[in-house]
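Reader: I have a structure to go through before planning my reading of it. Could we take it question by question?

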Amino acid sequence: MPQTASRKKNLRQSQRRRVRNLARKRAMREAIKAFEKAVEEGDAEQTGAAFGHAQKCIDKAVKDGIIKQNTAARRKARLAGMAGVQSS
């Protein structure tokens, strides 16, 4: 356990950040899984909506520093390939 006040504060900050990061990562994974399920079902309208939502979640994870930019680009490209969409 931290002894100094600054280290105690740092521990509290780290715990809050960890919770926030895990929530963002979980939302991203759930969006990707929802997209994959929509592709599997073959519903074009639902697939398009799920694709947009998954891209948004991935971009937010990059913005928060949870995943790297190249990782996000790779994931979005693979999702676009699954959906048959040209990625920009």
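Reader: Is R16 buried, partly exposed or exposed?

Author: This is a predicted model, and the answer is computed from it. R16 lies in helix α1, which covers residues 5-41. Buried means under 20% relative accessible area and exposed means over 50%. The relative accessibility of R16 is 49%, so R16 counts as partly exposed.

Reader: Which residues form the positive surface patch?

Author: A patch takes residues with over 30% relative accessible area and no salt bridge. R16, at 49% relative accessibility, is one of the members. The positive patch is formed by K8, K9, R12, R16, R17 and R20.

Reader: Which element gives the most to the negative patch?

Author: The negative surface patch is formed by E36, E40, E41, D43 and E45. E36 has its place in helix α1 and is partly exposed, with a relative accessible area of 34%. With 3 residues, the element that gives the most to this patch is α1.

Reader: How far apart in sequence are the parts that R24 and D64 tie together?

Author: Side chains of opposite charge can pair when their charged atoms come close. R24 and D64 form a salt bridge, with their closest N and O atoms 2.8 Å apart. R24 lies in helix α1 and D64 in the loop between α2 and α3, so the parts tied together are separated in sequence by 40 residues.

Reader: What are the relative accessible areas of R24 and D64?

Author: Partly exposed is the range between under 20% and over 50%. Both partners fall there: R24 is partly exposed at 26%, and D64 is partly exposed at 35%.

Reader: Which helices does the salt bridge between D59 and K76 tie together?

Author: The count of salt bridges comes to 2. D59 forms one with K76, and the closest N and O atoms are 2.7 Å apart. The two residues are 17 residues apart in sequence, and the helices tied together are α2, which holds D59, and α3, which holds K76.

Reader: Which element gives the largest share of the largest nonpolar core?

Author: In soluble globular proteins, nonpolar side chains tend to be buried together. The largest nonpolar core has 17 residues, and M28, I32, F35, A54, I58, I67 and L79 touch the most other members. Two or more residues come from each of α1, α2 (44-63) and α3 (69-83). The largest share, 7 residues, comes from α2.

Key:
Residues are numbered from 1 along each chain as its sequence is written. This is a predicted model: local features need pLDDT of at least 70, side-chain atom pairs count only at pLDDT 80 or more; totals for chains, interfaces and linings use all residues. Side-chain values use heavy atoms; hydrogens and water are left out. Patches are made of residues with over 30% relative accessible area and no salt bridge: like charges are joined within 9 Å, nonpolar side chains (Val, Leu, Ile, Met, Phe, Trp, Tyr) within 5 Å. Accessible areas come from the Shrake-Rupley method with a 1.4 Å probe; for residues, only the protein chains shown count as cover. A salt bridge is a side-chain nitrogen of Lys or Arg within 4 Å of a carboxyl oxygen of Asp or Glu. Lys and Arg count as positive and Asp and Glu as negative; His and the chain ends are not counted. The place of a charge is taken as NZ of Lys, CZ of Arg, CG of Asp or CD of Glu. Helices (H or I, at least four residues) and strands (E, at least two) are DSSP runs, numbered from the N terminus. Buried means under 20% relative accessible area, exposed over 50%, partly exposed in between (1.4 Å probe, protein chains only). A nonpolar core is a set of buried Ala, Val, Leu, Ile, Met, Phe, Trp, Tyr and Cys residues joined through side-chain atoms within 4.5 Å.
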